[in-house]
Amino acid sequence: KASIANFINFLQGWGSIILAPTLMRYSNKMNHKEDANVDGSQFLILAVIFGGVKMAGRIAGFFLLKYIPFRVIHPTVSTVIAASYLLVLLRLDDMICIAVGIGIVNLAFCISRIDLSLIE
């Protein structure tokens, strides 16, 4: 079970890193921008998503593990990740939904990585 959870977590982490810029480019195309590439302000959004949110997730993970048992927090975090991906897939044309959805995925991913350190 631990190796399956670790593999799924690995895919979620790398999947969000690859998925976010692609979704931003797709959103630019959907909004009929002439240049569909990711511009400077969108790179700033990506930096906040992947930098600040991951730091906050690791810190929150340590505090949550003290008060919430692993059997409760791991399925809850997995459900949050699935719901966030669903939000992103349903609203591909909205840049704010993409940023918030991928941000929540990264936050939950870092919290679940703390849980998996207990398994390993």
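Is isoleucine 96 buried or exposed? At 61% relative accessibility, isoleucine 96 counts as exposed, because the cut-off for that class is over 50%. The residue is found in helix H4. The model discussed here is predicted.

The protein chain contains four helices and zero strands. Along the sequence, the pattern reads α-α-α-α. Of the 120 residues of the protein chain, 36% count as buried. Contacts were considered at a separation of 6 or more; residues 24 or more positions apart account for 73% of them. The exposed area of the protein chain is about 7300 Å². Carbon and sulfur atoms supply 71% of that area.

Isoleucine 96 also belongs to a nonpolar surface patch. The patch covers about 380 Å². Its other members are Val80, Leu87, Val100 and Ile104. Two helices, H3 (70-90) and H4 (95-119), each supply at least two residues of this patch. The largest share comes from H4, with three residues.

Helix H3 was examined further. The helix has 21 residues, which at 1.5 Å a residue should span 30 Å. The C-alpha atoms at its ends are 30 Å apart, so the expected and modelled spans agree. The expected value follows from a rise of 1.5 Å multiplied by one less than the number of residues.

The buried residues of H3 are Ile73, His74, Val77, Ile81, Ser84 and Val88. Viewed down the axis of H3, these buried residues fall within an arc of 100 degrees, so they line one face of the helix. The face of H3 turned away from this buried side carries exposed residues. These are Arg71, Thr79, Leu89 and Leu90. H3 also contributes to the nonpolar patch, with at least two residues.

Helix H2 spans residues 40-67 and includes glycine 51. At 29% relative accessibility, glycine 51 counts as partly exposed. This class lies between the cut-offs for buried, under 20%, and exposed, over 50%. Glycine 51 and asparagine 106 are 55 residues apart along the chain. Their C-alpha atoms are separated by 9.5 Å.

Methods
Residues numbered from 1 in each chain as written. Predicted model: local features only at pLDDT ≥ 70, side-chain atom pairs only at ≥ 80, totals over all residues. Heavy atoms only, no water. Patch = residues over 30% accessible without salt bridge, like charges linked within 9 Å, V, L, I, M, F, W, Y side chains within 5 Å. Areas by Shrake-Rupley, 256 points an atom, 1.4 Å probe, with all protein chains shown as cover. Salt bridge = Lys/Arg side-chain N within 4 Å of Asp/Glu carboxyl O. Buried < 20%, exposed > 50% of the residue type's maximum accessible area, 1.4 Å probe, protein only. Arc of directions from axis to C-beta. Contact = heavy atoms within 4.5 Å.
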